[in-house]
Structure formats: C-alpha cells, structure tokens
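I opened this entry to keep track of what I looked up, item by item. The sequence and the structure go in first.

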Amino acid sequence: MNIENKVVVVTGGARGIGLALAKKFLLEKPKTIILVDLNFVDSELNNNEFVCKKCDVTDEDSINLLIDEINQKYGLIDIFCSNAGILSLGDEQASVEDWSRNWNLHVMSHALAAKKLIPDMLKRGTGYFVNTASAAGLLSHIDSITYSTTKHAAIGLAEWLAISYGKKGIGVSVLCPQAVETDMTKGRENEVSALDGMMKPEEVAIEVIKAIKNEDFLISPHDQVIGYFQNKANNYSRWIGGMQKLKERLNKN
C-alpha cells in the first residue's frame with residue numbers, strides 16, 4: 001500500500017515501537033498520524049506533528065468512539081497499527097487478572113479494531129492492518145505463559161483476517177520481533193528473548209514500513225527467528241526438546 005496522503009492510527013504510540021513507527025510514517029507524507037495511548041505523560045513525544053488521543057483500546061465503546069471521532073475529524077482511517085502491549089512474567093499460577101490483561105490487550109484490542117473498521121474498509125475496497133504480536137507468538141517465551149499464549153492467538157487472528165479479506169482490498173501484516181529496546185525490556189537485557197540481541201525501535205519501524213509498501217504478511221525484524229520457526233515446523237518434538245534444554249540452562253544461571 002502507498003502510505004502517502006493516508007490517515008494512519010498507531011496504538012501504543014506514546015513511546016517505544018509505536019512512536020518510532022509514527023516518526024517513520026512521517027517520512028512517507030501521510031495525511032494525518034494519530035497516536036493513541038492510555039497516557040502521554042513522560043512520553044518521548046515532543047513535537048506537534050502528531051494528533052494524540054487517549055483511549056483504552058481494550059474497551060469496545062471507547063475504541064468505537066475514538067474511530068468515529070477520527071473518521072469525522074481527520075478522514076477515514078486507511079492504516080491501523082494495533083501496537084499496544086504489555087509483558088508480565090510468570091507460569092501457570094498466573095492470576096485470572098493477569099490473563100485478562102494480556103488477553104484483552106494482545107488479542108481483543110486487535111479484534112475490536114477489526115470489528116469496527118472492516119465493514120467500512122470493505123465498502124471502500126481498501127484498508128490496512130498492522131497487528132503487533134511477537135516472536136513469542138511464532139516460537140514461545142519460556143518465562144511468560146500469558147505473553148506467549150496471547151501472542152500466539154494474536155498471530156492466529158491476523159492470519160484469519162488476511163485469509164478472509166486479503167482478496168477484498170484489505171492488507172494485513174503481523175509484526176513479530178524479538179527483544180526491542182523499549183520501556184517493556186528495561187532491566188531485562190539478560191532474558192531469553194534478548195539472547196540474539198536487542199533491536200532499536202527505529203530499526204523495527206523501517207521493516208514495518210517496507211512490509212506495508214510490499215503488503216507482506218509476516219514482519220520478522222530479527223533474521224534468526226525465521227530459522228527457528230522453520231526448525232519448529234520441521235521437527236516439533238525436537239524443537240520442544242531444545243527449548244526444554246534452554247530453559248534448564250537459563251534457570252541454572
């Protein structure tokens with residue numbers, strides 16, 4: 001998709017990947033970029049080039065009202081980047097509240113945006129979704145049952161949208177990075193997700209822009225992930241065994 005003169009929305013846009021992505025979008029001369037987040041206080045944001053909107057993207061009424069307001073004030077949304085996310089470590093003893101936070105943000109926020117936007121996009125015959133998942137959704141995060149499970153679901157959701165609407169003018173990309181230098185990963189430089197190094201948000205954003213232009217489904221900024229994913233598909237049991245050994249090794253350190 002050509003980004004020039006498009007209305008772009010980025011959730012989780014106050015910092016990290018979201019803000020880096022918005023800055024890269026600026027170079028493509030869109031019509032408007034709307035950043036969405038729960039809180040813009042202490043954000044890295046320090047210019048007037050973006051429209052900033054507060055919204056809980058896990059609440060259906062709130063996201064519907066936000067999309068209606070954007071459509072009316074700035075024009076119909078062309079590209080929606082559903083990027084908000086959290087990371088909480090833990091095993092099967094995770095609380096129901098933790099499960100709900102992860103599920104609502106990593107899965108339902110994507111679903112609610114699609115539910116609201118797709119009918120109009122179908123009428124126009126054009127539109128684009130970028131859903132941020134994680135390499136943990138292709139592989140796993142051995143230190144977080146909630147993150148790993150919900151990121152798998154996020155990829156499944158993106159796949160379904162691409163299969164159902166890809167031939168009807170609606171593009172879908174799913175972003176699956178490993179560790180990225182954001183607030184989420186501060187103090188976690190030695191965790192398993194960072195074994196292949198941490199990527200800067202600006203590097204990830206470049207790959208997202210490329211994928212939108214080429215209409216590529218999978219965005220994997222870390223080259224190693226595709227190899228790991230292929231190994232998983234080629235011999236699932238062997239891959240599980242390798243992950244078990246990795247977890248044991250890391251737990252000893």
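Before the first residue I wrote down the cut-offs: buried means under 20% relative accessible area, exposed means over 50%, and partly exposed lies in between. I also noted that this is a predicted model.

**Asn5 and Lys29**

I started with Asn5, which sits in the segment before β1 (7–11). Is Asn5 buried or exposed? Its relative accessibility is 54%, so with the cut-off at over 50% Asn5 counts as exposed. I then looked at the backbone and found a positive phi of about 65 degrees at Asn5, although Asn5 is not a glycine.

I made a similar entry for Lys29. Lys29 belongs to the loop between α1 (16–26) and β2 (32–37). Its phi is positive too, about 60 degrees, and Lys29 is not a glycine either. The relative accessible area of Lys29 is 59%, so I filed Lys29 as exposed.

**Val10**

Next I went to strand β1, where Val10 is placed. The relative accessibility of Val10 is 0%, and therefore Val10 counts as buried. Which residues does Val10 touch, once those up to four places away in sequence are set aside? I listed Gly18, Phe25, Ile34, Leu35, Val36 and Cys81. I checked Cys81 separately: Val10 and Cys81 are 71 residues apart along the chain, and their C-alpha atoms are separated by 4.7 Å.

**Ala20**

Ala20 lies in helix α1. I read 5% relative accessibility for Ala20, which puts Ala20 among the buried residues because the limit is under 20%. Beyond its neighbours up to four places away in sequence, Ala20 touches Pro201, Glu202 and Ala205. I also took the distance from Ala20 to Ile163: C-alpha to C-alpha they are 29 Å apart in space, with their positions 143 residues apart in sequence.

**Asn71**

I found Asn71 in helix α2 (residues 60–74). Is Asn71 buried, exposed or partly exposed? With a relative accessible area of 21%, Asn71 is partly exposed, since buried would need under 20%. Leaving out neighbours within four places in sequence, I noted contacts of Asn71 with Leu76 and Ile77. I then took the separation of Asn71 from Val7: the two are 64 residues apart along the chain, and 9.0 Å lies between their C-alpha atoms.

**His110**

His110 is in helix α3 (residues 96–124). Its relative accessible area is 2%, so I entered His110 as buried. What is His110 in contact with, leaving aside its neighbours within four places in sequence? The contacts of His110 are Ser82, Asn131, Thr132, Ala154 and Leu157.

**Second largest pocket**

I moved from single residues to the second largest pocket, which holds about 190 Å³ of space. Two elements give two or more residues to its lining, α5 (145–165) and α8 (236–252). Which element supplies the largest share of the lining? I found that α8 does, with five residues. The lining of this pocket includes Trp239, Ile240, Met243, Gln244 and Lys247, and I also wrote down Gly90, Ser140, His141, Ile142, Ser144, Ile145 and Ser148. By class, I recorded five nonpolar residues, six polar residues and one charged residue in the lining.

**Whole protein**

I closed with the totals. The protein has eight helices and seven strands. What does the radius of gyration say about the overall form? A compact globule of 253 residues would have a radius of gyration near 18 Å, and the protein has 18 Å, so the two agree. Along the principal axes, I got a span of about 55 × 40 × 35 Å for the C-alpha trace.

I then looked up burial and found that buried residues make up 49% of the 253 residues. The accessible surface is about 12500 Å², and carbon and sulfur atoms account for 49% of that surface. For contacts between residues at least 6 apart in sequence, I noted that 69% join residues at least 24 apart.

Terms used. Residues are numbered from 1 along each chain as its sequence is written. This is a predicted model: local features need pLDDT of at least 70, side-chain atom pairs count only at pLDDT 80 or more; totals for chains, interfaces and linings use all residues. Side-chain values use heavy atoms; hydrogens and water are left out. On a 1 Å grid over the protein atoms alone, a cavity is a set of points where a 1.4 Å probe fits but cannot get out, and a pocket is an open set with protein on both sides within 12 Å along at least five of seven lines; lining residues have an atom within 4 Å of a point. Grid points are joined across faces, edges and corners, and a volume is the space filled by probe spheres set on the points. Helices (H or I, at least four residues) and strands (E, at least two) are DSSP runs, numbered from the N terminus. Ala, Val, Leu, Ile, Met, Phe, Trp, Tyr, Cys and Pro count as nonpolar, Asp, Glu, Lys and Arg as charged, and the others, Gly among them, as polar. The radius of gyration is taken over C-alpha atoms; the globule rule is 2.2 Å times the number of residues to the power 0.38. Buried means under 20% relative accessible area, exposed over 50%, partly exposed in between (1.4 Å probe, protein chains only). Contact means heavy atoms within 4.5 Å. Accessible areas come from the Shrake-Rupley method with a 1.4 Å probe; for residues, only the protein chains shown count as cover.
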